[in-house]
Amino acid sequence: MAETGALLDVKDLRVSFKTYGGRVRAVRDVSFHVDAGECVAVVGESGCGKSVTAKAILRLIEGPQGSIDGGSIRFEGSDLMALTENQMQQVRGSRISMIFQDPMTSLNPTMTIGKQIAEVMMKHQKISRREAQEKTVEYLKLVGIANPLKRFREYPDSLSGGMRQRVVIAIAMCMNPKLLIADEPTTALDVTIQAQILELMQSLQKSFGTAIVLITHDLGVVANMARRVLVFYAGKIVEEGLARDIFYRPGHPYTYALLCSMPKLNSQERERVSSIEGAPPDLFAPPEGCSFAARCPYAMALCKAQPPEIALGEGHKAACWLNHPGMPFEQKPEWMRG
């Protein structure tokens with residue numbers, strides 16, 4: 001349940017895609033909120049609905065194959081689903097910005113770096129080209145690009161992957177948006193550059209008070225940046241809570257399996273990193289009950305029925321029958337008993 005006064009309030013969102021094989025139900029009754037200035041991480045395997053949810057918020061689901069089938073998306077109290085396309089264009093890039101997955105393909109190769117940033121400001125603000133150019137140089141400097149005057153006139157192919165990602169962040173932040181959606185912002189970068197980009201995003205968040213929705217499969221990134229975590233599986237949120245609850249008191253077997261798949265750098269002994277056996281369910285015809293049941297080592301006959309969201313603490317809830325008050329303590333897995 002979203003909180004009153006949240007910056008972003010998504011309720012019962014449903015998104016599907018029409019294919020030759022039938023309709024894929026990519027996002028199924030997803031509800032969550034994002035407060036002003038906070039960082040919320042969205043984690044899960046590829047194909048679980050993370051990026052589709054992000055694009056739905058910006059109404060970037062392309063028809064006629066893709067469609068938002070139901071639910072509401074409210075941003076700063078306004079219903080984004082009720083806006084016309086022209087009105088929505090005023091929201092994109094100014095009040096809500098998005099960093100897409102691959103910095104190599106996010107920039108237009110036929111336009112200079114400076115022009116791509118300046119055009120965003122000129123579209124949303126009544127400023128001259130000269131003013132836009134001056135502000136562009138300031139933002140290039142802000143995101144840590146050396147010699148910004150020189151870079152202003154260069155094309156994307158002359159920049160490294162890390163520098164391209166900094167330019168993408170400059171484009172996303174140049175209008176001081178209230179919400180930044182970062183979709184796997186460090187995927188194509190090496191470890192050293194990843195750390196620099198994440199540090200940059202944290203710095204900009206503190207400077208501008210921007211809320212961030214961070215989509216990632218890297219739980220190490222989540223631990224460093226996020227206040228709250230949403231765990232997606234098969235188009236649904238199966239667990240939600242503060243980062244410390246997700247890491248130290250997971251309430252869903254899928255969350256626990258994700259945590260077990262992380263290598264432990266501080267371990268004194270060599271450990272085998274576990275994997276999640278099996279594959280996600282077919283979203284042409286999702287199972288009636290728990291979507292994770294076929295892969296879950298703790299599955300019961302009861303899991304054939306859809307589990308309710310069960311509160312585990314303040315702001316922490318998980319959709320798993322193992323958390324039901326009537327479940328005998330001795331039948332719960334060891335990691336749930338602590």
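This briefing covers one buried loop residue, the aromatic ring pairs and one charge placed over a ring. The model is predicted, so local features need pLDDT of at least 70 and side-chain atom pairs count only at pLDDT 80 or more, while totals for chains, interfaces and linings use all residues. Residues are numbered from 1 along each chain as its sequence is written, and side-chain values use heavy atoms, with hydrogens and water left out.

**Glu38**

- Glu38 lies in the loop between strand 2 (22-34) and strand 3 (39-43); strands are DSSP runs of E with at least two residues, helices are runs of H or I with at least four, and both are numbered from the N terminus.
- Glu38 counts as buried because its relative accessibility is 6% (buried means under 20% relative accessible area, with a 1.4 Å probe and protein chains only).
- Apart from neighbours within four places in sequence, Glu38 contacts His33, Gln205, Ala211, Ile212, Arg227 and Arg228 (contact means heavy atoms within 4.5 Å).

**Aromatic pairs**

- There are 5 aromatic pairs, counted where ring centres of Phe, Tyr or Trp (its six-membered ring) lie within 6.5 Å.
- One of them, Tyr254 with Phe292, is edge-to-face (planes over 60 degrees apart), at 5.3 Å centre to centre and 65° between the planes.
- Tyr254 is in helix 11 (residues 253-260) and Phe292 in the loop between helix 11 and strand 11 (310-313), so the pair ties together parts 38 residues apart in sequence.
- Tyr254 is buried at 0% relative accessibility, and Phe292 is buried at 3% relative accessible area.
- Tyr233, Tyr254 and Phe292 are linked into a cluster by ring pairs.

**Charge over a ring**

- The charged end of Arg337 sits over the ring of Phe329, 5.9 Å from its centre (the rule asks for NZ of Lys or CZ of Arg within 6 Å of the ring centre and within 35 degrees of the ring normal).

Terms used. Buried < 20%, exposed > 50% of the residue type's maximum accessible area, 1.4 Å probe, protein only. Phe/Tyr/Trp six-rings, centres within 6.5 Å; stacked < 30°, edge-to-face > 60°.
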